[in-house]
Amino acid sequence: MRYDAGMKNDSLANAPIALLGGLSVEQFLNEYWQKKPLLVRQAIPGFKGLLSPDELAGLACEDDVQSRLVSIKKNRWQVESGPFDEARFNRLPEQDWTLLVQGVNHHLPEAAELLQQFAFIPYARLDDLMVSFAPDAGGVGPHFDSYDVFLLQGEGQRRWRISEQDDLSLVPDAPLRILQNFVTEQEWVLEPGDMLYLPPHVAHWGIAVGNAMTYSIGFRAPSAQELASEFLNFLQDRLKLTGMYADPGLQQQVHPAEIGKEMLEQVAGMLNRIRWQSEDVTAFLGHYLSEPKPHIVFDAADDLDETEFQELLTEQGLALDAKTQMLFHGHTFFINGEQFDVPAAQLAFWTQFANQRQVGPEWFDDGQLQDEALLQRLHDWYQAGYVWID
Ligand code: SIN
Ligand code: CO
């Protein structure tokens, strides 16, 4: 069966799914997720990929697409960043290179649909769909990622070698992370539709067998350091500490250049008053995880006034743009870095919109959402390209 967003209930969590090789979501999460690799033969039977190598190269030429060309020449790795000129692809050698394109789900509706099959993992963990193309024997070398990743084979075949080795030392001075001492522990050749799940830090090495395209569904796992520094950044705009440094009892110091003990103690006392609540953490996470990456550009929709927009809503419903991230906690919702609270009466609507990433016309045509502020908000987002009339 297919797993659909928002379908979680106990019987579905227990139902075997083909995508996970007949495991249920519950079994997969308990036994494999973040724990050990899983090879699934024919996870998506008949899957041949979603775009051709030429179309992938076309995406890599666009300004708002992140792409890399990794090549190896005389044992030296080289990484070029896109966007590329079309001419760059005409000058490529027969072999020894890989083209990697990030965020393909933002540009291809079929790719966004593919990601929906992975909705058993929270959207807050999803990074993106990266697609690679390599001619025979190509690849990006042995490495490890800090990500959980499902490596789904599209066109062609790829030989995957993996290792759960502890030695993760890297080749010094290489422009990408290449493991110095990779020791193959397991090896498989993946055919179209086969999939390999890898938890973070499992060493892997994918080698194209003939022309090969791989679809990497990646889930981010931010480091504690990254979260802390982003949180402190976020907190500084919300902090309100009263008072100021004062030293009415100042005594002359022996060394005027010395930072005195009294000064240190007073400042330490001020900093110790920095506090935050769980609402600050919620707000931070919602903003941080829903904020579009800096290169993302939303395309403005057709110009519809509010009345025309409302009319279309009642006929066709509304969908989130593929680049839009909508998340929530309780009644607090986040869309592309903006926060808003929803009234209890609208919670079912907003929850469905966030989970399914679309809402049908039935929500709008029976008067249950007759809320001027809500319609205004949806219209604003429509004009910003955050949402689309389906
Ligand atoms: C690739 O698709 O070539 C690389 C994917 C990976 O190793 O993470
Ligand atoms: Co990798």
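**View 1. The shell around ligand 1 mixes five nonpolar, five polar and two charged residues.** Here Ala, Val, Leu, Ile, Met, Phe, Trp, Tyr, Cys and Pro count as nonpolar, Asp, Glu, Lys and Arg as charged, and the others, Gly among them, as polar. This is a predicted model, where local features need pLDDT of at least 70, side-chain atom pairs count only at pLDDT 80 or more, and totals for chains, interfaces and linings use all residues. Residues are numbered from 1 along each chain as its sequence is written, chains are lettered from A and ligands numbered from 1 in the order in which they are written, and side-chain values use heavy atoms, with hydrogens and water left out. Among the residues surrounding ligand 1 are Leu100, Met130, Val140, Arg158 and Trp160; to be near, a residue needs a heavy atom within 4 Å. Strands β7 (126–134), β9 (157–163) and β13 (212–219) each chip in at least two residues of this shell. Strands (E, at least two residues) and helices (H or I, at least four) are DSSP runs, numbered from the N terminus.

**View 2. Polar side chains meet the oxygen atoms of ligand 1.** Zoom in on Ser132: a polar atom of its side chain is 2.7 Å from an oxygen atom of the ligand. For His204 such a distance is 3.2 Å, and for Asp145 it is 3.4 Å. A polar contact here means a pair of N or O atoms within 3.5 Å; within protein, one must be able to donate a hydrogen and the other to accept it, and residues adjacent in sequence count only if both atoms are side-chain atoms.

**View 3. Three side chains hold onto the cobalt ion (ligand 2).** The protein donors are His143 (NE2), Asp145 (OD) and His204 (NE2), at 2.0 to 2.1 Å from the ion. Donors are N, O and S atoms within 2.8 Å of the metal (3.2 Å for Na, K and Ca); water is not among the atoms, so sites may look incomplete. Read along the chain, the donors are spaced H-x1-D-x58-H. His143 sits in the loop between β7 and β8 (148–153), while His204 belongs to strand β12 (residues 203–209), 61 residues away.

**View 4. Helix α9 (residues 306–316) has something to look at on either side.** At its start, a side-chain oxygen of Asp305 comes within 3.1 Å of the backbone nitrogen of Thr307. After the helix comes Gly317, with a positive phi near 75°.

**View 5. A cis peptide bond links Gly82 and Pro83.** Its omega is about 0°. Pro83 is in the loop between β5 (76–81) and α4 (86–90).
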